[in-house]
Amino acid sequence: MSESALAEEFGVSRTPIRQVLQQLALFGLVESRNGVGTVVTEVNYERAMDLLAIRRHMALLMSETVDPSRFPRANSHFATTIRNITRLRAVTRHLRLS
């Protein structure tokens, strides 16, 4: 996928597309290849679980630093994220045991 094609598809300039792709590359989810564009990398189970653990810890840390009375939507979002990650972990544990 090229930055230009993504920018056109989402109706934005290439700058936000480039920023998102750089963030995804930092997490190892995409790879930039000269003459090809950006490709999605293969994510194995262990890598996916590591990323979920990092996201969960970040959400927990952020929720501890946010004053819920000042940011009720943020608090709600963090709580939902933590619930979703907890559910996903339970499902993946169940799948590994099956």
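**Entry 1: the strands**

I started at R33, which stands opposite G37 in β2. A note to self before going on: this is a predicted model. Next I looked up V30, and its partner across the way is V40, again in β2. How many bridges join β1 to β2? I found 4 of them, with β1 covering residues 30–33 and β2 covering residues 37–40. The two strands run antiparallel.

Then I went to the turn. The hairpin of β1 and β2 has 3 residues between the strands. Within that hairpin I noted G35, which takes a positive phi near 80°.

**Entry 2: the whole chain**

I stepped back to see where the hairpin sits. The chain has 4 helices and 2 strands. Reading along the sequence, I get α-α-β-β-α-α. So much for the order of things; I turned to burial and contacts.

The chain has 98 residues, and 17% of them count as buried. For contacts, I took those with a separation of 6 or more: residues 24 or more positions apart make up 27% of them. I also looked up the surface: about 7700 Å² is exposed, and 57% of that comes from carbon and sulfur atoms.

**Entry 3: the largest pocket**

I wanted to know about empty space. Rolling a probe the size of a water molecule over the atoms shows where such space is left. The largest pocket holds about 320 Å³. Which residues are closest to its centre? I wrote down F27, I54, R55, M58 and M62, out of 14 residues that line this pocket.

I checked which elements take part. Those giving two or more residues to the lining are α2 (14–26), α3 (45–65) and α4 (72–97). The biggest share comes from α3, with 6 residues. By class, I have 10 nonpolar, 3 polar and 1 charged residues in the lining of this pocket.

**Entry 4: T81**

Next I picked a residue in helix α4, namely T81. Is T81 buried or exposed? The relative accessible area of T81 is 10%, so I put it down as buried, the cut-off being under 20%. What does T81 contact once its neighbours within four places in sequence are left aside? I found R55 and A59. I had already met R55 among the residues closest to the centre of the largest pocket.

**Entry 5: I82**

I stayed in helix α4 and looked up I82. I82 has 18% relative accessibility, and because buried means under 20%, I82 counts as buried too. I then took the distance to M58, which is 24 residues away along the chain: the C-alpha atoms of I82 and M58 are separated by 10.0 Å. M58 is another name from my pocket list, one of the residues closest to the centre.

**Entry 6: Y45**

My last residue was Y45, in helix α3. Why do I call Y45 partly exposed? Its relative accessibility is 32%, and partly exposed covers values between 20% and 50%, so Y45 falls in that class.

Which residues does Y45 touch, not counting those up to four places away in sequence? I noted T92 and R96. Along the chain, Y45 and T92 are 47 residues apart, yet their C-alpha atoms are separated by 9.5 Å.

Definitions and conventions
Residues are numbered from 1 along each chain as its sequence is written. This is a predicted model: local features need pLDDT of at least 70, side-chain atom pairs count only at pLDDT 80 or more; totals for chains, interfaces and linings use all residues. Side-chain values use heavy atoms; hydrogens and water are left out. Two strands pair if DSSP finds at least two bridges between them. Buried means under 20% relative accessible area, exposed over 50%, partly exposed in between (1.4 Å probe, protein chains only). Contact means heavy atoms within 4.5 Å. Accessible areas come from the Shrake-Rupley method with a 1.4 Å probe; for residues, only the protein chains shown count as cover. On a 1 Å grid over the protein atoms alone, a cavity is a set of points where a 1.4 Å probe fits but cannot get out, and a pocket is an open set with protein on both sides within 12 Å along at least five of seven lines; lining residues have an atom within 4 Å of a point. Grid points are joined across faces, edges and corners, and a volume is the space filled by probe spheres set on the points. Ala, Val, Leu, Ile, Met, Phe, Trp, Tyr, Cys and Pro count as nonpolar, Asp, Glu, Lys and Arg as charged, and the others, Gly among them, as polar.
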